[in-house]
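Colleague: Got a minute to walk me through this one? I'd like to start with the charged contacts and then wander a bit.

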Amino acid sequence: MRKIYNKKKCPKCNLKCGITEKVCPCCGLIFEKLETASNKIAKKKFFSGKHEHIIYNPKCPMDCSYKTTIILCIFLGLFGAHNFYVGKYYKAIFMLVVGVAIILFVAITSTINVGANLFFYLSILTAISSLIWLNDLFLLCIKKFKYPVSRED
């Protein structure tokens, strides 16, 4: 009979490691260093183009607030505010563009008649953006939302 051990996933390479392991055998990530990883440093590395140094960790870093993230997600999630806050800029920009397009579309269609093709494509983008928002809200509620973090070294 095979024994089942407690496992944890490495946030860098997704390898399942033993719960007591201190270093990932695949990528060499030292799990203790994740405790001091910073969301602000990850944002700086994103803008400097060093994307390979960013790790997505489900534990909320010290310089980022879980409460702020979930409040932004609930009230401004369709516009990607929570993603801007944590530094997931590509997703945030997509959600913002779709959100603004929805508002503009509603404003335009109330004054003039717009073709069905534009309505169809915009409704698909709206559905995708809404699913992303609801998925983020669900992941935040079960504390599986991944925050971008990095270290100076």
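**Charges, rings and odd phi values**

Modeller: Sure. Glutamate 35 and lysine 59 form a salt bridge, with their closest N and O atoms 2.6 Å apart. Keep in mind that this is a predicted model.

Colleague: Where do glutamate 35 and lysine 59 sit along the chain?

Modeller: Both are in loops: glutamate 35 between β2 and α1, lysine 59 between β3 and α2. The pair links distant parts of the chain, 24 residues apart.

Colleague: And is glutamate 35 buried or exposed?

Modeller: In between. Glutamate 35 counts as partly exposed because its relative accessibility is 44%, and lysine 59 is also partly exposed, at 46%.

Colleague: How many salt bridges are there by this rule?

Modeller: The count comes to 2. The other bridge joins the side chains of lysine 91 and aspartate 136, at 3.1 Å from N to O. That pair also links distant parts of the chain, with lysine 91 in helix α4 and aspartate 136 in helix α5, 45 residues apart.

Colleague: Why does aspartate 136 count as buried?

Modeller: Its relative accessible area is 1%, and the label buried applies under 20%. Its partner lysine 91 has 26%, so lysine 91 is called partly exposed.

Colleague: OK, switching to rings. How many aromatic pairs does a search of the whole structure find?

Modeller: The search turns up 6. One of them is phenylalanine 46 with tyrosine 89, a tilted pair at 5.1 Å centre to centre and 45° between the planes. This pair links helix α1, where phenylalanine 46 lies, to helix α4, where tyrosine 89 lies, and the two residues are 43 apart in the chain.

Colleague: Are phenylalanine 46 and tyrosine 89 buried or exposed?

Modeller: Both are buried. For tyrosine 89 the relative accessibility is 12%.

Colleague: What else does tyrosine 89 pair with?

Modeller: Phenylalanine 47, again in a tilted arrangement, with 4.9 Å between centres and 45° between planes. Phenylalanine 47 is in helix α1 and tyrosine 89 in helix α4, so this pair ties together parts that are 42 residues apart in sequence. Phenylalanine 47 is exposed, though, with a relative accessible area of 61%.

Colleague: Which residues do the ring pairs link into a cluster?

Modeller: Phe46, Phe47, Phe84, Tyr89 and Tyr90.

Colleague: New topic: backbone. Which residue other than glycine has a phi near 65°?

Modeller: Asparagine 14, and that value is positive. It's worth a look because most residues other than glycine have a negative phi. Asparagine 14 is in the loop between β1 and β2 and counts as partly exposed, at 44% relative accessibility.

Colleague: What about lysine 143?

Modeller: Lysine 143 has a positive phi too, about 60°, and is not a glycine either. This lysine lies in the loop between α5 and β4. At 54% relative accessibility, lysine 143 counts as exposed.

Colleague: Last one, about the surface. Which residues form the positive patch?

Modeller: Lys7, Lys9, Lys16, Lys144 and Lys146. Lysine 7 is in strand β1, which covers residues 7-9.

Colleague: Why is lysine 7 called exposed?

Modeller: Because its relative accessible area is 52%, and exposed starts over 50%.

Key
Residues are numbered from 1 along each chain as its sequence is written. This is a predicted model: local features need pLDDT of at least 70, side-chain atom pairs count only at pLDDT 80 or more; totals for chains, interfaces and linings use all residues. Side-chain values use heavy atoms; hydrogens and water are left out. Patches are made of residues with over 30% relative accessible area and no salt bridge: like charges are joined within 9 Å, nonpolar side chains (Val, Leu, Ile, Met, Phe, Trp, Tyr) within 5 Å. Accessible areas come from the Shrake-Rupley method with a 1.4 Å probe; for residues, only the protein chains shown count as cover. A salt bridge is a side-chain nitrogen of Lys or Arg within 4 Å of a carboxyl oxygen of Asp or Glu. Lys and Arg count as positive and Asp and Glu as negative; His and the chain ends are not counted. The place of a charge is taken as NZ of Lys, CZ of Arg, CG of Asp or CD of Glu. Helices (H or I, at least four residues) and strands (E, at least two) are DSSP runs, numbered from the N terminus. Buried means under 20% relative accessible area, exposed over 50%, partly exposed in between (1.4 Å probe, protein chains only). Rings of Phe, Tyr and Trp (its six-membered ring) pair if their centres lie within 6.5 Å; planes under 30 degrees apart count as stacked, over 60 as edge-to-face and the rest as tilted.
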